[in-house]
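Okay, thanks for squeezing me in. Let's put the structure up and have a look at one helix and the sheet behind it.

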Amino acid sequence: MADWDAKYAAAPEGLFGTAPNEYLRGVVARSDFGPRSALCLADGDGRNSRFLASRGLAVTAVDISRVGTENAQRLDHGAGVVVERIVADLEHWEPQSASSWDAVFLFYLQAPWPTRRAALDTGWRVLGAGGWLVFEGFGVGDAGEEGVLGPQPEDLRYRLAECLDRLSGAVIVEALEGQIGLAEGSRHKGLAKVMRLAVRKP
């Protein structure tokens with residue numbers, strides 16, 4: 001398991017830059033996107049949750065790194081936004097029983113499949129009717145092949161079919177596997193094979 005506390009300690013102003021993920025930005029700009037609350041899973045130092053909060057959403061964010069979360073709180077204060085932040089391992093985190101959100105966002109959770117599966121299951125379970133689940137992660141690619149940013153072990157990468165299998169009854173807005181150019185700080189920079197998914201809950 002990566003030492004995310006050390007990684008975030010070495011990049012106090014943003015491990016993956018300060019701008020929000022471009023796919024998140026694109027989904028939020030859609031004419032049919034109208035959530036007023038959001039849950040951001042594996043949120044790191046908060047660039048995505050901060051963007052959502054700046055647009056008026058009530059945001060809760062969860063990440064395993066205490067240092068990343070502390071960085072996020074400091075950056076929130078500087079940006080003049082408020083985000084509820086929780087330090088927890090997503091493989092075991094359980095929201096309060098009455099918790100529900102209009103949208104759930106999950107970007108680049110780089111962990112073994114049991115953790116990623118638990119995050120998807122939790123996100124889908126706490127999503128309200130009509131809500132959005134929006135996801136982007138590194139897809140499967142051959143080691144050494146052009147466009148293989150991210151973790152090299154294949155079991156840390158995503159397959160569209162196995163993710164959709166976790167989302168019973170999902171209404172697909174977008175479900176893609178392909179290659180994109182990433183420009184998210186110094187760590188996510190260049191061509192990458194990714195999986196993108198935006199679905200709504202019936």
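So, which strands does helix α4 lie across? This is a predicted model, by the way. Helix α4, residues 66–79, lies across β2 and β3, and runs at about 165° to β3.

Let me back up to the sheet for a second. The sheet is open, with seven strands in the order β3-β2-β1-β4-β5-β7-β6, and the pairing is mixed. At the edges you've got β3 (84–87) and β6 (171–184), each pairing on one side only. Neighbouring strands are turned by 15° against each other on average, ignoring direction. Helix α3, residues 47–54, packs on this sheet too, touching β1, β2, β3, β4 and β6, and its direction makes about 175° with that of β2.

Now back to α4. From first C-alpha to last, its 14 residues reach 20 Å, close to the 20 Å expected at 1.5 Å a residue. Buried here are Gly68, Thr69, Asn71, Ala72, Leu75 and Asp76. Those six sit on the same side of α4, because they cover an arc of only 155° around the axis. You'd recognise the spacing: an α-helix has 3.6 residues a turn, so residues three or four places apart point the same way. What covers that buried set includes α1 (4–9), α3, β2 and β3. Flip to the other side of α4 and Arg66, His77 and Gly78 are exposed.

Last thing, the ends. Ser65 caps the N-terminal end of α4, with a side-chain oxygen 3.4 Å from the backbone nitrogen of Val67. After α4 comes Gly80, with a positive phi near 70°.

Conventions. Residues are numbered from 1 along each chain as its sequence is written. This is a predicted model: local features need pLDDT of at least 70, side-chain atom pairs count only at pLDDT 80 or more; totals for chains, interfaces and linings use all residues. Side-chain values use heavy atoms; hydrogens and water are left out. Two strands pair if DSSP finds at least two bridges between them. Helices (H or I, at least four residues) and strands (E, at least two) are DSSP runs, numbered from the N terminus. Axes are lines fitted to C-alpha atoms, for helices over the stretch in contact, and angles run from 0 to 180 degrees between N-to-C directions. Contact means heavy atoms within 4.5 Å. The expected span of a helix is 1.5 Å times one less than its number of residues. Buried means under 20% relative accessible area, exposed over 50%, partly exposed in between (1.4 Å probe, protein chains only). The arc is that of the directions from the helix axis to the C-beta atoms. A polar contact is a pair of N or O atoms within 3.5 Å; within protein, one must be able to donate a hydrogen and the other to accept it, and residues adjacent in sequence count only if both atoms are side-chain atoms.
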